[in-house]
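Here are my notes on the model you sent over. I've kept them as numbered points so you can check each one against the coordinates.

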Amino acid sequence: MMQWCSAVCGVGLLLVAATVEPAVYRWVDEQGQVHYSDQPRDERAARHQFAPGSVGESARRSREAEVEAGEQAAIERCQTARDQLKQYTDAARLIERSVTGQERELSAEERNRLTDQARADVADACEEAE
């Protein structure tokens, strides 16, 4: 029971820590130079609050864009795998070309193996896209 409670508390602390923006302190030195730091220099340093839509918002939008790009890439991988499977199943013959340009028709067994692999690729890629 104690381990379960510790685990729940630990996860809760991680969630809170992940949502808290780091503190930034601002102070002006004797020469009038403005400084920013994650540590207060002295009692004159004030915690700086960024305007809504600035640093924290920009970071959030950046993370969302990365997630969206990853989702789009997964959708494209799924579609590519489906297109490849369709080409294999619709083709009357499957031809393999060597690096020297020689061609040979795949046997029924090779074709079945290739089509089965393409079906597995669709299952993997499209599961990832969901």
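1. Which residue of strand 3 does Y25 stand opposite? The partner is R47. Before going on: this is a predicted model, so local features need pLDDT of at least 70 and side-chain atom pairs count only at pLDDT 80 or more, while totals for chains, interfaces and linings use all residues. Residues are numbered from 1 along each chain as its sequence is written, and side-chain values use heavy atoms, with hydrogens and water left out.

2. The sheet. It is open, with three strands in the order 2-1-3 and antiparallel pairing. Strand 2 (34-37) and strand 3 (46-47) are at the edges with a single partner strand each, so one side of each has no neighbour in the sheet. Strand 1 (residues 25-28) pairs with strand 3 over two bridges. Strands here are DSSP runs of E, at least two residues, and helices are runs of H or I, at least four, both numbered from the N terminus; two strands pair if DSSP finds at least two bridges between them.

3. The disulfide. Searching the whole structure turns up one, where the term means a pair of cysteine sulfur atoms within 2.5 Å. C78 is joined to C126, S to S 1.9 Å, and the link is right-handed, with 90° about the S-S bond. The pair ties together distant parts of the chain: C78 belongs to helix 2 (residues 55-90) and C126 to helix 3 (residues 108-129), 48 residues apart. Both C78 and C126 are buried (under 20% relative accessible area; exposed is over 50%, partly exposed in between; 1.4 Å probe, protein chains only).

4. R111 deserves a look. This helix 3 residue is buried yet has no salt bridge (a side-chain nitrogen of Lys or Arg within 4 Å of a carboxyl oxygen of Asp or Glu). E105 is the nearest side chain of opposite charge, 6.1 Å away. The R111 side chain does reach the backbone oxygen of Y88, at 3.0 Å.

5. Salt bridges. The count is seven. K86 and D90 form one, with closest N and O atoms 2.5 Å apart; both lie in helix 2, four residues apart. In helix 3, E109 and R113 are also four residues apart, about one turn of the helix, and their salt bridge has its closest N and O atoms at 3.2 Å. Shared partners join E96, R104 and E110 into one network. Within that network, the closest N and O atoms of E96 and R104 are 3.1 Å apart.

Methods:
Lys and Arg count as positive and Asp and Glu as negative; His and the chain ends are not counted. A polar contact is a pair of N or O atoms within 3.5 Å; within protein, one must be able to donate a hydrogen and the other to accept it, and residues adjacent in sequence count only if both atoms are side-chain atoms.
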